[in-house]
Amino acid sequence: VVGVSTASAQALGGNARRKHGGDNDVETLEAAEKSNGGPWSAVDGLYDGERPSAFAYAKADQVNINTKGAIVAKGNGVYAMSYANAEAQAEDGRAVALAKADDVNVTVRDDVTAGKTGVYAGSVAEANANNGAGVERTSQGNVSVAIKKGTVTGGSGYYGVAVVGGNHNRITIGSDGAVTSASNHAIYGGDQDEIVSNKGMVIGNVDLGGGSNAFNNKSSGSFYTAKTVDLNGGLLTNSGLLSPGGSGKFQTTNLNGSLRQTGSGKYEVDVDQKNAKSDRIKATGTAALKGKVLPTVIANPKSGKTKVTIVSAAGGASTSAKVKDTALVDYSVKRSGSNNVELRMNTNFAASGLNKEGRSVGQALNSAFAGSGSSSLEQLGLLLVNAEDLGYVANAYAQLNGENYRALPLSTLYAACLLYT
């Protein structure tokens with residue numbers, strides 16, 4: 001789907017040319033003066049000065065695209081552009097080039113699957129007057145991309161949504177919308193201001209470029225970050241689900257900006273207990289973590305005390321976030337030094353509340369998972385440390401009571417737990 005408005009104007013020597021919205025309206029210098037109500041009154045707020053020797057004015061129109069059906073494309077899925085280009089050259093140096101692009105609005109209501117960018121939208125104005133020696137004025141409209149419904153998927157090496165130029169730009173993802181790409185690049189912004197509001201799902205890198213930027217992950221939103229979230233120092237606010245890499249994958253996300261998680265926010269992290277490894281967000285600004293932390297041990301369970309850093313912030317970190325214990329793991333979230341937030345764990349396979357036989361099994365497992373842990377029993381350990389119900393653990397232990405579980409095959413131990421999943 002393509003929607004384009006282009007306008008170009010060129011003035012060389014003593015002629016003035018004005019072109020609007022791609023039509024063929026070309027005026028002489030004298031006609032331009034007359035149409036503006038006198039000698040060089042303001043032109044769309046871009047110029048109000050003395051009569052130049054060469055004058056070029058290009059004005060592109062607004063572009064609106066509203067998709068209703070699914071789109072599959074080898075190139076860009078949706079391309080929307082308002083583009084104006086003006087060039088003026090004068091021997092005496094009195095050249096004026098004015099370019100004005102208008103607003104661009106894109107609304108998507110179904111799936112978009114593209115070989116290149118899923119949705120590419122921009123408002124771009126360029127002016128050249130005596131190669132920079134004259135008067136060059138540009139004005140760009142606002143760009144709005146709204147993913148109301150459906151999944152927008154860009155191709156490998158491309159973004160799901162890309163916005164270029166513009167002024168105060170908005171990208172919104174509704175509760176039934178999603179944005180990603182085949183190479184995990186979700187959203188791109190240019191040198192102007194961008195605000196992303198996500199009520200649906202965003203998967204992958206986000207690069208909003210220059211300008212004043214923000215990413216607001218709303219209460220119904222899920223943001224599965226990849227390697228980079230570049231907000232040019234702006235704020236990432238999480239009121240929904242924030243998960244570096246998604247479930248089951250370790251990911252460190254570099255945030256160029258600050259992180260603020262509200263009381264409704266949930267921060268999901270994967271953990272390797274033995275190697276003290278976890279998902280992490282590393283912010284160049286500050287980090288303030290409220291709400292909840294949702295940990296899952298996905299590798300190398302270990303008995304006893306362990307800790308991992310889940311947030312680092314060069315500008316300082318704070319936390320009042322809560323975390324729920326599992327049947328065997330006592331969790332807490334604490335600030336460490338001035339710049340880090342840690343997830344601390346105390347894992348006891350012989351938890352209080354188990355009967356004598358259960359504690360006997362648990363003590364043996366504490367020994368098996370102490371120090372460097374037990375790779376042969378890893379899958380069993382993962383089931384146990386992530387279990388929320390102590391009854392589940394007690395029933396699994398009951399299958400092993402009286403046995404030398406350290407000598408049992410993994411399949412036997414694993415099956416004992418699976419009986420109660």
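The following legends describe close-up views of a predicted model.

**View 1. The surroundings of the buried residue Asp279.**
Asp279 is located in the loop that runs between strand E25 (277-278) and strand E26 (280-283). Although buried, Asp279 takes part in no salt bridge. The nearest side chain of opposite charge belongs to Lys277, at a distance of 8.5 Å. Because a salt bridge requires the nitrogen and the carboxyl oxygen to lie within 4 Å, Lys277 at 8.5 Å does not qualify. The side chain of Asp279 is instead placed beside backbone nitrogens: a polar atom of this side chain lies 2.8 Å from the backbone nitrogen of Gln251, and the side chain also reaches the backbone nitrogen of Asp270 at 2.9 Å. When neighbours within four places in sequence are left aside, the residues in contact with Asp279 include Pro244, Lys249, Phe250, Tyr267, Glu268 and Val269. Thr309 and Ile310 are also among the contacts of Asp279.

**View 2. Parallel pairing of strand E23 with strands E21, E26 and E27.**
Strand E23 (residues 252-261) pairs with strand E21 (residues 228-238) in the parallel sense, over eight bridges. Within this pairing, Asn254 of E23 stands opposite Thr228. E23 also pairs with E26 in the parallel sense, here over four bridges. The bridge partner of Thr253 in E26 is Ile281. A further parallel pairing joins E23 to strand E27 (residues 287-289) over three bridges. In that pairing, Gln261 stands opposite Leu289 of E27.

**View 3. Aromatic pairs, of which the whole structure holds four.**
One of the four is the pair of Tyr159 and Tyr188, which is tilted, with 5.5 Å from centre to centre and 45° between the planes. This pair links distant parts of the chain, 29 residues apart: Tyr159 belongs to the loop between strand E12 (143-154) and strand E13 (161-165), and Tyr188 to strand E15 (residues 185-188). Tyr159 is buried, with a relative accessible area of 17%, whereas Tyr188, at 30% relative accessibility, is partly exposed. Phe215 and Phe223 form a stacked pair, with 4.2 Å from centre to centre and 10° between the planes. Both Phe215 and Phe223 are buried.

**View 4. The salt bridge between Lys324 and Glu388.**
A search of the whole structure yields two salt bridges, and one of them joins Lys324 to Glu388, with the closest N and O atoms 3.8 Å apart. Lys324 lies in the loop between strand E31 (322-323) and strand E32 (329-336), and Glu388 in the loop between helix H3 (378-385) and helix H4 (390-400), so this salt bridge ties together parts that are 64 residues apart in sequence. Lys324 is exposed, at 61% relative accessibility, and Glu388 is likewise exposed, at 59%.

**View 5. The salt bridge between Arg344 and Glu342.**
In this salt bridge the side chains of Arg344 and Glu342 meet at 3.1 Å, N to O. Arg344 is partly exposed, with a relative accessible area of 32%. Glu342, by contrast, is buried, at 8% relative accessibility.

How values were computed: Residues numbered from 1 in each chain as written. Predicted model: local features only at pLDDT ≥ 70, side-chain atom pairs only at ≥ 80, totals over all residues. Heavy atoms only, no water. Helix = DSSP H or I, 4+ residues; strand = E, 2+ residues; numbered from the N terminus. Buried < 20%, exposed > 50% of the residue type's maximum accessible area, 1.4 Å probe, protein only. Lys, Arg positive; Asp, Glu negative; His and termini not counted. Polar contact = N/O pair within 3.5 Å; in protein donor to acceptor, adjacent residues only side chain to side chain. Contact = heavy atoms within 4.5 Å. Pairing = 2+ DSSP bridges. Phe/Tyr/Trp six-rings, centres within 6.5 Å; stacked < 30°, edge-to-face > 60°.
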